[in-house]
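Subject: A structure for you to explore

Hi,

Here is the structure I promised to pass on to you. Have a look around first, and then read on for what was found in it.

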Amino acid sequence: MRVDLHLHTSASFDCTEPPAKVARRCRSLGLDPVFVTDHDSIEGALELQRAGDVRVVVGEEILTADGELIGLFLSAPVPAGLSASETAGRIHDQGGIVYLQHPFDTRRRALTEDAMEAIAEAVDAVEVFNGRSPAEANRRAQELRDTLGVPAGAGSDAHQVGEIGRAFVEMSPFDGPQDFLAKLDEARIVVGRPRWRLRLQGLVTR
């Protein structure tokens with residue numbers, strides 16, 4: 001299966017794309033399930049779950065007191081403004097996964113290095129390729145992942161539907177968060193949209 005682990009919808013303050021439109025784009029690219037990681041909200045993901053048209057993994061990009069951190073496989077929102085350590089604890093308390101995204105992208109609200117050190121033992125996976133981050137930031141993220149010894153993830157960090165799928169992960173089907181982590185450890189990161197699916201949909205001609 002193919003999954004883009006970092007997607008936004010209009011439930012984020014900086015995105016205007018309705019959840020249904022994001023889901024349609026993911027379906028056209030063969031990305032399934034849809035990972036929704038809106039800023040400080042899980043409403044976009046819940047809207048898609050209620051519609052029942054696609055499989056959804058509920059995530060949230062949480063602005064902690066120390067920078068941003070993603071929780072995946074959530075059942076409830078995690079409030080913003082807590083410390084990174086408490087945020088990670090809240091994610092784990094509901095059986096979720098702590099996913100450290102764009103850790104060295106200074107243009108974004110990345111976690112401070114002190115905070116990354118403080119939650120090192122709690123990090124379940126690291127985003128080693130972010131579709132909006134510069135190459136150097138992604139390279140350093142890969143080094144951090146190697147140091148922590150956790151699975152590597154990737155995502156487009158799309159805020160517009162045209163950005164979806166510019167980085168994704170090819171992995172075996174999974175059942176729940178722990179199986180996801182196990183399969184992610186054996187996954188392959190792909191940079192660039194899955195154009196073969198676009199051809200099948202008749203959306204490109206070459």
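Let's begin with one residue pairing: arginine 188, in strand S9, is the bridge partner of glutamate 170. Please keep in mind throughout that this is a predicted model.

That pairing is part of something wider. Strand S8, residues 167–170, runs antiparallel to S9, and four bridges join them. Together with S1 they form an open sheet of three strands, in the order S1-S8-S9, with antiparallel pairing. Strand S1 (2–3) and strand S9 (188–191) are the edge strands, each pairing on one side only.

**The whole chain**

Now step back for a moment. The protein chain contains seven helices and nine strands. Its C-alpha atoms fill a box of roughly 50 × 35 × 30 Å along the principal axes. How does its radius of gyration fit with that of a compact globule? For 206 residues, a compact globule would have a value near 17 Å, and the chain has 16 Å, so the two agree. Buried residues account for 52% of the 206 residues. If you take the contacts with a separation of 6 or more, 62% of them are between residues 24 or more positions apart.

**Strand S5 and its partners**

Next, find strand S5, residues 97–100. Are its two faces covered or not? Both are covered: Ile97 and Tyr99 are buried on one side, and Val98 and Leu100 are buried on the other. This fits a general pattern: in a regular strand, side chains alternate between the two faces of the sheet.

S5 pairs with strand S4 (residues 67–72) in the antiparallel sense, over three bridges. Here leucine 72 stands opposite isoleucine 97 of S5. S5 also pairs with strand S6 (residues 125–130), this time in parallel, through two bridges. In this pairing, leucine 100 stands opposite valine 126 of S6. Try following the chain from S5 through helix H4 (residues 113–118) to S6: these three elements make a right-handed β-α-β unit.

**Helix H3**

Helix H3 spans residues 84–93, and its buried residues include Ala84, Thr87, Ala88 and Ile91. Why do these residues lie on the same side of H3? They cover an arc of only 100° around the axis, which puts them there. The buried residues of H3 pack against strand S3 (56–64), S4, S5 and H4. After H3 comes glycine 95, which has a positive phi, near 80°.

**The aromatic rings**

There are six aromatic pairs in the structure. One of them joins phenylalanine 35 and phenylalanine 180; this pair is tilted, with 5.6 Å from centre to centre and 40° between the planes. The pair links distant parts of the chain, since phenylalanine 35 is in strand S2 (residues 34–39) and phenylalanine 180 is in helix H6 (residues 177–184), 145 residues apart. Both phenylalanine 35 and phenylalanine 180 are buried. Ring pairs also bring Phe73 and Phe174 into a cluster with Phe35 and Phe180.

Phenylalanine 35 deserves a second look. Why does it count as buried? Its relative accessibility is 0%, and the cut-off for buried is under 20%. Leaving aside neighbours within four places in sequence, phenylalanine 35 is in contact with Val3, Asp4, Leu5, Leu7, Val57, Leu72, Phe73, Phe174 and Phe180. You have already met leucine 72 in this list, as the residue opposite isoleucine 97.

**Leucine 181**

To finish, stay in helix H6, where you will find leucine 181. Leucine 181 has a relative accessibility of 11%, so it counts as buried. Which residues does leucine 181 touch, not counting those up to four places away in sequence? They are Ile97, Asp124, Ala125 and Pro151. Leucine 181 and isoleucine 97 are 84 residues apart along the chain, while their C-alpha atoms are separated by 8.4 Å. Isoleucine 97 is one of the buried residues of S5, so this contact is a good place to go back to the strand you looked at earlier.

Enjoy exploring it!

Best wishes

Terms used: Residues are numbered from 1 along each chain as its sequence is written. This is a predicted model: local features need pLDDT of at least 70, side-chain atom pairs count only at pLDDT 80 or more; totals for chains, interfaces and linings use all residues. Side-chain values use heavy atoms; hydrogens and water are left out. Two strands pair if DSSP finds at least two bridges between them. Buried means under 20% relative accessible area, exposed over 50%, partly exposed in between (1.4 Å probe, protein chains only). A crossover is right-handed if, with the strands pointing away from the viewer, the path from the first strand over the helix to the second runs clockwise. Rings of Phe, Tyr and Trp (its six-membered ring) pair if their centres lie within 6.5 Å; planes under 30 degrees apart count as stacked, over 60 as edge-to-face and the rest as tilted. The arc is that of the directions from the helix axis to the C-beta atoms. Contact means heavy atoms within 4.5 Å. The radius of gyration is taken over C-alpha atoms; the globule rule is 2.2 Å times the number of residues to the power 0.38.
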